Amino acid sequence: MSERPVAIVSAMHDELRALLPALHDARTVHLAGRAFHHGRIQGHPVVLVLSGIGKVAAATTAVLLMHAFDACQLVFTGVAGGLHRGVRVGDVVVARQLLQHDMDASPLFPRFEVPLTGRSRFDADAPLADALAAAARRCLDRADALIGAPHLLDFGIDGARVHEGLVISGDRFVASAAHSDELRALQPDALAVEMEGAAVAQACADFERPFAVLRTVSDRADDSAHVDFTRFTAEVASVYTRAIVEDWLAHAVHG
Ligand code: SAH
């Protein structure tokens, strides 16, 4: 990694709030209604920012990070709804590919294809995703120490896993079994659904800038998706995100 900052983008306040105390020599720059917090984590120059929710907010944030702050790579963190069987609440998903499930310019273009790009799936940077998945595995191995086993059991979490694969994004909070069934039928290999990752992927592809998406599974994108959502984000996902980001940067090589 160079002196250009690594960008770490949070979808929600609780996660940014958890990361900020890890930031040394912090200074804040305001642009386009966002606060960009510069500093160092584990010796690496980083910029932390809250993107807001949804594809436009995420794409705007990604472009600002690359164009105004020259971020060398982007990591988007947040929570997601588990889609694939076996992707349970409390698991971590590292995206290898991303797709916009609400993109549909058919019959002019194939459904899901981003018009004029010829692509529906955008790849995350493989070495970055490898490093984040390794950090996530190390952190989940000590999840009981990080959060406390009784507290995890409270959320029905008993032994979390890291998954790697397709993450799908759209401007819709998926909170019904009917909708998640439909998405599973359309994209059988999708691990999780969220609202920002594929937008960041498209923006980063334009800039040819490496990015990765790291998500803690907060719900199963079904009729009870909203239950415990806020508490889960504050008490579990934010703790994981901070631990994984610090562990990843502690193992990352400068230069
Ligand atoms: N109540 C929250 C709103 C969160 S919107 C608030 O006021 O802040 C949902 C966020 O979590 C988005 O950032 C999205 O990426 C992610 N997410 C988690 N579960 C999801 C699901 N089932 N469907 C879509 N997005 C989901």
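Begin by selecting Asp228, which at 38% relative accessibility counts as partly exposed, a class that lies between buried (under 20% relative accessible area) and exposed (over 50%), as computed with a 1.4 Å probe on protein chains only. Asp228 sits in the loop that runs between strand E10 (211–219) and helix H8, where helices (H or I, at least four residues) and strands (E, at least two) are DSSP runs numbered from the N terminus. Its phi is near 65 degrees, a positive value in a residue other than glycine. Most residues other than glycine have a negative phi, and most peptide bonds are trans.

The model on your screen is predicted, so that local features need pLDDT of at least 70 and side-chain atom pairs count only at pLDDT 80 or more, while totals for chains, interfaces and linings use all residues. Residues are numbered from 1 along each chain as its sequence is written, and side-chain values use heavy atoms, with hydrogens and water left out.

**Helix H8 and the nonpolar cores**

Next, select helix H8 (residues 229–251) together with the largest nonpolar core, a core being a set of buried Ala, Val, Leu, Ile, Met, Phe, Trp, Tyr and Cys residues joined through side-chain atoms within 4.5 Å. This largest core has 78 residues, and those with the most contacts inside it are Ile8, Leu65, Leu74, Phe211, Tyr240, Ile244 and Trp248. Helix H8 gives the most to this core, with 10 residues. Ile244 is worth displaying with its surroundings: leaving out residues up to four places away in sequence, Ile244 touches Val92, Leu132, Ala135, Ala136, Cys139 and Leu214, contact meaning heavy atoms within 4.5 Å. A second, separate core has 10 residues, including Leu83, Leu99, Leu166 and Ala190.

Stay in helix H8 and move to Thr241. Is Thr241 buried or exposed? At 3% relative accessibility, Thr241 counts as buried, and, with neighbours within four places in sequence set aside, Thr241 is in contact with Glu15, Leu19 and Thr77.

**Helix H3 against helix H8**

Now add helix H3 (residues 126–141), whose axis comes within 8 Å of that of H8 and crosses it at roughly 120 degrees; the axes are lines fitted to C-alpha atoms, for helices over the stretch in contact, and angles run from 0 to 180 degrees between N-to-C directions. That angle makes H3 oblique to H8, since angles under 35 degrees count as roughly parallel, over 145 as roughly antiparallel, 65 to 115 as roughly perpendicular and the rest as oblique. H3 passes H8 in a right-handed crossing, the near helix being turned clockwise from the far one by less than a right angle, whereas anticlockwise would be left-handed. To see the contact, select Leu128, Ala131, Leu132, Ala135, Ala136, Arg138, Cys139 and Leu140 in H3, which meet Tyr240, Ala243, Ile244, Asp247, Trp248 and His251 in H8. These residues divide into 11 nonpolar, one polar and two charged, where Ala, Val, Leu, Ile, Met, Phe, Trp, Tyr, Cys and Pro count as nonpolar, Asp, Glu, Lys and Arg as charged, and the others, Gly among them, as polar.

**Helix H2 against helix H7**

Turn to helix H2 (residues 55–67) and helix H7 (residues 197–207), whose axes come within 8 Å and cross at roughly 30 degrees. H2 and H7 are therefore roughly parallel to each other, and their crossing is right-handed. On the H2 side, select Lys55, Ala58, Ala59, Ala62, Val63, Met66 and His67, which meet Ala199, Val200, Ala203, Cys204 and Phe207 in H7. The residues of this contact divide into 10 nonpolar, one polar and one charged.

From H2, go on to Cys72, in the loop between H2 and strand E5 (73–82). Cys72 counts as buried at 12% relative accessibility, and the C-alpha atoms of Cys72 and Leu83, 11 residues apart along the chain, are separated by 31 Å.

**The loop between E6 and E7**

Finally, select Pro107, which lies in the loop between E6 and E7, and look at the peptide bond leading from Ser106 to Pro107, which is cis with omega near 5 degrees. Leu116 belongs to the loop between E6 and E7; its phi is near 70 degrees, a positive value in a residue other than glycine, and Leu116 is exposed, with a relative accessible area of 77%.

The last stop is Arg119, in the loop between strand E6 (92–100) and strand E7 (121–123). Arg119 is partly exposed, with a relative accessible area of 33%, and, not counting residues up to four places away in sequence, touches Phe112, Glu113, Val114 and Ala205.
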